[in-house]
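Q: I would like to learn how to read a model like this one, feature by feature. Could we go through it together?

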Amino acid sequence: MDRSHTDCPIALVVEDDAEVRNLATAVLEETDLDVIACDSAEAAISVLERAGGQVALLFADVRLGAGMDGIALATAVERRWPDVRVVLTSGGDARGVAGLPAQVVYMQKPWRALDVLVQAEHATMAARAA
């Protein structure tokens, strides 16, 4: 888990691959969002339980190694923190994400930084309007 230092809205990056996690974090650090990076869904849930009201964006991989996967994480976030914008990514077969909650945005890997920034902007605007 990385940092959060102000009352700014938070982008929560959840990725078990350190290189991809660092790339997503670097992209999102160019926004108005504070960024917290986690390597598991369980760590992300812990952050959400502490700072759920500040989290504006959850950017997570579908496959997260052992434990809860990104789809289960997205479902839990939709249920407990419905104002969080959820973006799931995967380099695998997109048919595996057919059961995603309706509000979840899906991005196939490799994603483009611009697409991530657009989602961050939507999340920031929604957080400011709330």
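Q: How many positive and negative side chains does the chain have, and how far apart do the centres of the two sets lie?
A: Happy to start there, with the reminder that this is a predicted model. The chain carries 20 negative side chains and 11 positive ones. The centres of these two sets lie 4 Å apart.

Q: Next, the fold. Which elements does the chain contain, and in what order do they run?
A: A good habit is to count the elements and then follow their order. Here there are four helices and five strands. Starting at the N terminus, the order is β-α-β-α-β-α-β-β-α.

Q: What does the radius of gyration say about the chain?
A: The idea is to set the value beside the one expected for a compact globule. For 130 residues that expectation is near 14 Å, and the chain has 13 Å, so the two agree. The C-alpha trace spans about 35 × 30 × 25 Å along its principal axes. Of the 130 residues, 48% are buried. As for contacts between residues at least 6 apart in sequence, 66% join residues at least 24 apart.

Q: Which residues of helix H2 are buried, and what do they pack against?
A: Take one helix, list its buried residues, then look at their partners. In H2, residues 41–51, the buried ones are Ala41, Ala43, Ala44, Ile45, Val47, Leu48 and Ala51. They pack against strands S1 (10–14), S2 (34–38) and S3 (55–61), and also against helix H3 (70–80).

Q: How many disulfides are there, and how far is the sulfur of Cys8 from that of Cys38?
A: For a disulfide, two cysteine sulfur atoms must lie within 2.5 Å. By this rule the count is zero. Cys8 is in no disulfide, and its nearest cysteine sulfur, that of Cys38, is 18 Å away. Seen from Cys38, the closest cysteine sulfur is in Cys8, and 18 Å is too far for a bond.

Q: Are these two cysteines buried or exposed?
A: Relative accessibility is the value to read, and buried means under 20%. Cys38 has a relative accessible area of 1%, so Cys38 is buried. Cys8, at 32%, counts as partly exposed.

Q: Where is Ser90, and which residues are in contact with Ser90?
A: Place the residue in its element before looking for partners beyond its sequence neighbours. Ser90 sits in strand S4, residues 85–90, and counts as buried because its relative accessibility is 4%. Beyond neighbours within four places in sequence, Ser90 contacts Asp61, Val62, Tyr106, Met107, Gln108 and Lys109. Arg63 is 27 residues from Ser90 in sequence, yet their C-alpha atoms are 7.1 Å apart.

Terms used:
Residues numbered from 1 in each chain as written. Predicted model: local features only at pLDDT ≥ 70, side-chain atom pairs only at ≥ 80, totals over all residues. Heavy atoms only, no water. Helix = DSSP H or I, 4+ residues; strand = E, 2+ residues; numbered from the N terminus. Rg over C-alpha atoms; globule rule 2.2 N^0.38 Å. Buried < 20%, exposed > 50% of the residue type's maximum accessible area, 1.4 Å probe, protein only. Contact = heavy atoms within 4.5 Å. Lys, Arg positive; Asp, Glu negative; His and termini not counted. Charge placed at Lys NZ, Arg CZ, Asp CG, Glu CD.
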